[in-house]
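User: I've got a model open and I'd like to talk through a few of its features. Can we go step by step?

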Amino acid sequence: TNLANGQNFFVSPSTQNELAPDVQAARVVWQDFRDQGPGEIYYCDLQTAQVRRITTNIYAQLNPAIYDNWIVWADNRNVEVDIYGFDLLRNAEIRLTSTPQNESQPALDGPWLICMEDALGAGTGNAQLIHLPSLLTVPLTSTPTLKTFPALADGSAVWQETISNQSQIVAAVLPALQPIFQNGNTVSVTPAMVADAQNADGLLSLWSASGIQSITEYTSLSPVVTSQTASLNNGTFSGPNFTLVAGSFLWIKFNSQQVLDLGVNNSSSISLAAGANVFGYAGFPDAYSAFTLLQQIGLGNAQSVRMLDSQSGRWRVAQVQAGGLVGDNFPIPNTAVLMVSVANAVNQFTPQSP
């Protein structure tokens, strides 16, 4: 159904079963039985009516989901059920999980995938997150109950949980998760980090098992850049033991890819001084982007926004020129460090869902 004009239409007529549709941005995916085997994944661009077969495998492909350039589904070609994905940008199929247990019922939200796994045995299900750019996994639950139909939205996870033959809908607020890579990363400092670690030595000790190497705090960015660095070498702390400040950011090096748990998501307001501001924030809404941020600040006041993409090691930039938006309309993750320049001070600005 096209909600704009009320028109109903068949997406891809077939004499065989078509099941489990998922739609996003005028694109739909589903499980289709028109080919040999117990279901293939099909895709349709609803604006062009172009239909495309995504999988060609005689085993079952189930419960597809789509978001941005990713299509994901559950697949039993390896005896146990795994999660597979298809990257529309690379035009490539990718196996996302490879474990002895079953992973099923995937759902997507930006770069994050949620699914259920049964490592605790048949008849159980526990939620886990997968960060698609790095394929790092974050377990969310670990109890011997059956959990099904997971979903993600705006920093929360939702699922159906069955206890003593009664099912109920459960929601959990996710912590502020920030993926980091094996290089320099800008990391938000949240109130939970300050409470747990308090200072550089505490944070290095807290993250020592994750392969942290050094923490740099920038005490000034203009007119001269000044910083101080604390390090951990073979368990020995060195450097200034500076105090952590919520809402600031740190430059952190790790020896491997990680997903950091920065504590509770924070959706409080932001105050910007005239000129350049660098800050960490752990409560940006879903589907938030650089252009959205500049528009909400106001094109008459906003000048630019920059974000370091730690995965690629490059800065991404969007600007306001002659009252219009130019540059890279990059996505801003729920937890991010940004450099925002404004002509005039902004008090109590809160990012809103676009």
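Analyst: Sure, here are some questions and answers on two sheets and a pocket, keeping in mind that this is a predicted model.

User: Take the sheet with the order S1-S2-S3-S4. Which strands stand at its edges?

Analyst: This is an open sheet of four strands with antiparallel pairing. Two of the strands have a single partner each, so one side of each is left without a neighbour in the sheet. Those edge strands are S1 (18–24) and S4 (50–53).

User: And what is the average twist there from one strand to the next?

Analyst: We're still on the open sheet that runs S1-S2-S3-S4. From one strand to the next, its twist averages 20°.

User: Which residue in S2 stands opposite Val23?

Analyst: S1 and S2 (residues 27–32) pair in the antiparallel sense, over five bridges. Within S2, the residue opposite Val23 is Val28.

User: Now the sheet S9-S10-S11-S12. Which residue takes a positive phi in the hairpin of S9 and S10?

Analyst: S9 (103–109) is an edge strand with a single partner, and S9 and S10 (residues 112–117) pair in the antiparallel sense over five bridges. The hairpin has two residues between the strands. The one with a positive phi, near 65°, is Gly110.

User: Which residue is the bridge partner of Ile114 in S11?

Analyst: Ile114 of S10 stands opposite Ala107 on the S9 side. S10 also pairs with S11, again in the antiparallel sense, over six bridges. There, the partner of Ile114 is Leu129.

User: Are the side chains of S10 buried or exposed?

Analyst: In a regular strand, side chains alternate between the two faces of the sheet. In S10, Trp112, Ile114 and Met116 point one way, while Leu113, Cys115 and Glu117 point the other way. Buried means under 20% relative accessible area, and six of the six residues in S10 are buried. For both sets, then, the word is buried.

User: On to the largest pocket. Which strand gives the largest share of its lining?

Analyst: The largest pocket has a volume of about 1300 Å³ and is lined by 46 residues. Elements giving two or more residues to the lining include S11 (126–131), S17 (184–188) and S28 (336–342). The largest share, four residues, comes from S16.

User: How many of the lining residues are charged?

Analyst: Lying nearest the pocket centre are Pro111, His131, Pro133, Pro331 and Pro333. Going by class, the lining has 24 nonpolar and 14 polar residues. The charged residues number eight.

How values were computed:
Residues numbered from 1 in each chain as written. Predicted model: local features only at pLDDT ≥ 70, side-chain atom pairs only at ≥ 80, totals over all residues. Heavy atoms only, no water. Pairing = 2+ DSSP bridges. Axes fitted to C-alpha atoms, helices over the stretch in contact; angles between N-to-C directions. 1 Å grid on protein atoms, 1.4 Å probe; cavity = no way out; pocket = protein on both sides within 12 Å on 5 of 7 lines; lining within 4 Å. Points joined across faces, edges and corners; volume = space filled by probe spheres on them. Nonpolar A, V, L, I, M, F, W, Y, C, P; charged D, E, K, R; others polar. Buried < 20%, exposed > 50% of the residue type's maximum accessible area, 1.4 Å probe, protein only.
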